[in-house]
Amino acid sequence: MAIARKRQVSLVDTKYYHCISRCVRRAFLCGEDHFTGQSYEHRRGWVEDKLGELAKIFCIDVCAYAVMSNHTHLVLYVDDKKANRLNDKAIVIRWHKLCKGTVLTQKYIQGEKLSKVELIFFNQTVKQYRERLASISWFMRLLNENIARRANKEDNCTGRFWEGRFKSQALLDEAALAACMAYVDLNPIRAKMANTPEKSDHTSAQVRLICAKEGKQPKQLLRFAGMPRQVMPKGLPFELKSYLELVELTGRVMREGKHGHIDNITLPLLERLNISSENWLKLTTQFTRVFHGAVGRPASQEGYCENLNRKRRANISNCAKLFA
């Protein structure tokens, strides 16, 4: 039985989540249909563009993504503190970029004075909008709904585009976060759609590598802040250079079909995360096969399950073994 979304998201334990959406029947609705010969590659660009657009509006940052031919992978960071910091006007303006809002929110933006009764309902609406702007469910809903509508209009048809609701995994610690991000960034290489990360179209790895050549980090993605995060209060807890080197090296091993170790080289990032190179290769090739729920070391799992009042700890044996 599927677990309710509210029992999967615990911002007290982690703000990082891995989200997966699959096309209906896993058909290549965002790639080349081998049966008809029709190419829908341009839809991968739709997903990428909409993702960047929503990230500017929501209080949710994109850490990594890969838009494949029949599914998408996202690693998201929920910045609920930012949502709470924004004033009412900023919240309403952001929401109006997504939806029309209500008569009261429209009056407020136009500078019209609200009565006491209207203010009560207005405040309730703003509270709701504030929660939605830090909600993964709303983020994914607006992303997937937009793509489905555009695709159905293009195909002149109706019906489902996505298989169902997106799947999500809580990433409970830095080890799980690094493994999942690399897994996502290396999706095209694993699927033999690209030979190197820089040639992996519609992925965060490609965007980061293009910007890295100019000594920059992309604005549309959550920045790398380093370990420990001394300069930036918010950001991925790794060094950009170490992460990109790790992805490149892992991708090379996958492409050459080697197993068991990473060229006898263990990068400092793996040492700091305390993950063996053998386990790393399995994590970055079989992440969604091995894990079907929250991911992290056993100690991280304990607090997460306790806060969500869940007795069963999924993946506990695999987490203990692979993150050992």
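**Aromatic pairs, a buried serine and a four-stranded sheet**

Tyr183, Phe287, Phe291 and Phe323 come together as one aromatic cluster. This description rests on a predicted model, and the cluster makes a good starting point for a tour of it. Within the structure as a whole, 10 aromatic pairs are found.

One of these pairs joins Trp95 and Trp138. Their ring centres lie 5.4 Å apart and the ring planes meet at 75°; because planes over 60 degrees apart count as edge-to-face, the pair falls in that class. The two residues come from distant parts of the chain, with Trp95 in helix 3 (residues 88–96) and Trp138 in helix 6 (residues 136–155), a separation of 43 residues. Trp95 and Trp138 are both buried.

A second arrangement is seen for Phe291 and Phe323, two members of the cluster introduced above. Here the ring centres are 6.0 Å apart and the planes are at 10°, so this pair is stacked. Again, distant parts of the chain are linked: Phe291 belongs to the loop between helix 12 (277–290) and helix 13 (298–307), while Phe323 lies in the segment after helix 14 (316–322), 32 residues apart. Both Phe291 and Phe323 are buried.

Aromatic rings also meet charged side chains in this model. The ring of Trp138, already met as the partner of Trp95, has the charged end of Arg141 sitting over it, 4.3 Å from the ring centre. In another such case, Arg150 lies over the face of Trp46, with 4.1 Å to the centre of the ring.

Attention now turns to the strands. An open sheet is formed by 4 strands in the order 2-3-1-4, with antiparallel pairing. Strand 2 and strand 4 (167–170) stand at the edges; each has a single partner strand, so one side of each is left without a neighbour in the sheet. From one strand to the next, the twist averages 20°. In general, strands of a sheet pair through backbone hydrogen bonds, in either a parallel or an antiparallel manner. Strand 2 and strand 3 run antiparallel and are joined by 7 bridges. Across from Asp61 stands Tyr77 in strand 3.

The loop between strand 2 (60–67) and strand 3 (71–78) holds Ser69. With a relative accessible area of 7%, Ser69 is buried, because the cut-off for that class is under 20%. Beyond its neighbours within four places in sequence, Ser69 is in contact with Cys23, Ala27, Phe28, Leu29, Cys30, Gly31, Glu41 and Met193.

Conventions:
Residues are numbered from 1 along each chain as its sequence is written. This is a predicted model: local features need pLDDT of at least 70, side-chain atom pairs count only at pLDDT 80 or more; totals for chains, interfaces and linings use all residues. Side-chain values use heavy atoms; hydrogens and water are left out. Rings of Phe, Tyr and Trp (its six-membered ring) pair if their centres lie within 6.5 Å; planes under 30 degrees apart count as stacked, over 60 as edge-to-face and the rest as tilted. Buried means under 20% relative accessible area, exposed over 50%, partly exposed in between (1.4 Å probe, protein chains only). A charge sits over a ring if NZ of Lys or CZ of Arg is within 6 Å of the ring centre and within 35 degrees of the ring normal. Contact means heavy atoms within 4.5 Å. Two strands pair if DSSP finds at least two bridges between them. Axes are lines fitted to C-alpha atoms, for helices over the stretch in contact, and angles run from 0 to 180 degrees between N-to-C directions.
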